[in-house]
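Reader: Could you walk me through this one? I would like to go from the sheets to the helices and then the surface.

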Amino acid sequence: MRLVFAGTPEFAREAMAALHAAGHEIVLVLTQPDRPAGRGMKLQASPVKQWAQDHGVPVAQPRSLRLDGKYPDEAAAAREALLAANPECMVVAAYGLILPQWTLDLPPRGCLNIHASILPRWRGAAPIHRAIEAGDPETGITIMQMDAGLDTGDMLLVRTLAIAPDATTAILHDQLAALGGECIVQALANPDALTRTPQPTEGITYAHKIEKAEAALDWTLSAEVLARRIRAFDPFPGMTVPLTHNGATEILKLWAATAEPRSQPAAPGTVVSADASGVRVACGAGQLCLTQLQRPGGKRLNAADFLRGCPLQPGQSLKAA
């Protein structure tokens with residue numbers, strides 16, 4: 001099939017590569033503008049753009065597709081590129097722009113979205129993170145016929161995936177990216193056989209974008225909630241706590257932890273014990289056993305290696321004064 005592909009991150013690149021491998025012709029790629037990244041903050045192309053350039057596929061990077069919006073010239077140029085590409089269908093995966101109605105109407109088969117949840121649960125920007133944070137036992141991929149709403153279109157294909165008890169967002173992302181590629185290839189292998197199913201009106205939740213401000217850990221929450229949040233925020237933004245060490249306060253990042261029953265009375269945020277098996281800290285309910293930590297400018301370390309360079313003592317506080 002003759003396709004336009006709209007996407008930006010690695011999740012989308014996986015799907016585009018799967019479509020290419022299945023024999024579909026990708027005639028145009030839409031992706032977000034290059035962004036500053038790395039220590040030098042140099043402009044960096046998205047994974048989708050990098051793939052397109054490696055395979056000689058034309059790329060358009062409008063800041064908006066709204067012809068009456070802030071960047072009408074860029075939207076108009078993108079529209080001309082889409083018309084010239086003459087696609088049968090547009091496939092969208094984690095693109096990052098709202099598609100206006102003219103875009104949805106342009107391909108004869110419309111626009112299909114690869115969404116990383118079982119809709120209508122976790123519509124929105126961060127479905128993988130929020131599923132782990134909420135403690136969902138499973139998630140999946142929904143191939144959806146896009147409409148003007150936010151992830152509200154009819155479902156065409158759904159595949160489920162169990163969430164492992166120790167899964168991080170990084171792990172689950174890679175699993176869902178591979179599954180998303182399989183699902184869109186399956187959907188486009190015989191699109192006329194797909195059945196459009198309206199989304200249920202019950203069970204709607206929204207996966208709001210992850211904000212850096214969410215990184216600060218609140219010890220008054222339960223250990224179960226905090227352990228899930230640490231897994232959900234790996235690799236971004238990571239959970240953080242303040243540590244006063246040698247008279248200076250630094251911010252630690254926490255990357256792995258397990259919830260345990262409270263071993264002894266202690267105020268939330270107080271170190272209960274610290275040894276090679278983990279740093280145990282009292283929470284609002286239970287205690288958190290921290291097993292992977294990171295100091296500013298350092299590497300992620302297991303508890304034993306971390307404590308060699310930064311010994312923690314029972315009674316020490318890991319909360320803001």
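Author: What follows is a walk through the strands, a helix, the cores and the surface of a predicted model.

Reader: Let's begin with the open sheet; what is the strand order there?

Author: The open sheet has seven strands in the order β5-β2-β1-β6-β7-β9-β10, and its pairing is mixed. The edge strands are β5 (59-60) and β10 (155-162), each of which pairs on one side only.

Reader: And β1, which way does it run relative to β2?

Author: β1 and β2 (residues 25-30) run parallel and are joined by five bridges, with E25 in β2 as the bridge partner of R2. β1 is also joined to β6 (residues 89-93), again by five bridges and in the parallel sense, and there L3 stands opposite C89.

Reader: Is β1 largely enclosed or open, and why?

Author: β1 (residues 2-7) is largely enclosed by the rest of the structure, because five of its six residues are buried.

Reader: Switching to the later strands: how many bridges join β12 to β13?

Author: Seven bridges join β12 (residues 239-245) to β13 (residues 248-260), and the two strands run antiparallel. One of the pairs there is L243 with its bridge partner E250 in β13. The two strands form a hairpin with two residues between them, and N246 in the turn has a positive phi of about 55 degrees.

Reader: What about β13 and β16, parallel or antiparallel?

Author: β13 pairs with β16 (residues 287-294) in the antiparallel sense, over seven bridges, and the bridge partner of A256 in β16 is Q292.

Reader: Okay, helices. Which residues of α5 are buried?

Author: P127, I128, H129, R130, A131, I132 and E133 are buried in α5. Those are seven of the eight residues of the helix (residues 127-134), so α5 is largely enclosed by the rest of the structure.

Reader: What do the buried residues of α5 pack against?

Author: They pack against several elements: β7 (111-115), β8 (123-124) and β11 (206-207) among the strands, and α6 (169-189) and α7 (223-232) among the helices.

Reader: And what follows α5?

Author: G135 follows α5, and the phi of G135 is positive, near 80 degrees.

Reader: Now the interior: how many residues does the largest nonpolar core have?

Author: The largest nonpolar core has 66 residues, and those with the most contacts inside it are F5, I143, W219, L288 and L290. α6 gives the most to this core, with eight residues. A second, separate core has 22 residues, including V4, V27, L30 and L104. As background, nonpolar side chains tend to be buried together in soluble globular proteins.

Reader: Then which residues form the nonpolar patch on the surface?

Author: I98, L150, I204 and Y206 form that patch, and together they have about 380 Å² of accessible area. I204 lies in the loop between α6 and β11.

Reader: How exposed is I204, given that it belongs to the patch?

Author: I204 counts as partly exposed, because its relative accessibility is 35%, and partly exposed covers the range between under 20% for buried and over 50% for exposed.

Reader: Last topic, the segment after α8: where does Q313 sit?

Author: Q313 is placed in the segment after α8 (303-309), and at 47% relative accessibility Q313 counts as partly exposed. The C-alpha atoms of Q313 and Q294 are separated by 17 Å, with the two residues 19 apart along the chain.

How values were computed:
Residues are numbered from 1 along each chain as its sequence is written. This is a predicted model: local features need pLDDT of at least 70, side-chain atom pairs count only at pLDDT 80 or more; totals for chains, interfaces and linings use all residues. Side-chain values use heavy atoms; hydrogens and water are left out. Buried means under 20% relative accessible area, exposed over 50%, partly exposed in between (1.4 Å probe, protein chains only). Helices (H or I, at least four residues) and strands (E, at least two) are DSSP runs, numbered from the N terminus. Contact means heavy atoms within 4.5 Å. Patches are made of residues with over 30% relative accessible area and no salt bridge: like charges are joined within 9 Å, nonpolar side chains (Val, Leu, Ile, Met, Phe, Trp, Tyr) within 5 Å. Accessible areas come from the Shrake-Rupley method with a 1.4 Å probe; for residues, only the protein chains shown count as cover. A salt bridge is a side-chain nitrogen of Lys or Arg within 4 Å of a carboxyl oxygen of Asp or Glu. Two strands pair if DSSP finds at least two bridges between them. A nonpolar core is a set of buried Ala, Val, Leu, Ile, Met, Phe, Trp, Tyr and Cys residues joined through side-chain atoms within 4.5 Å.
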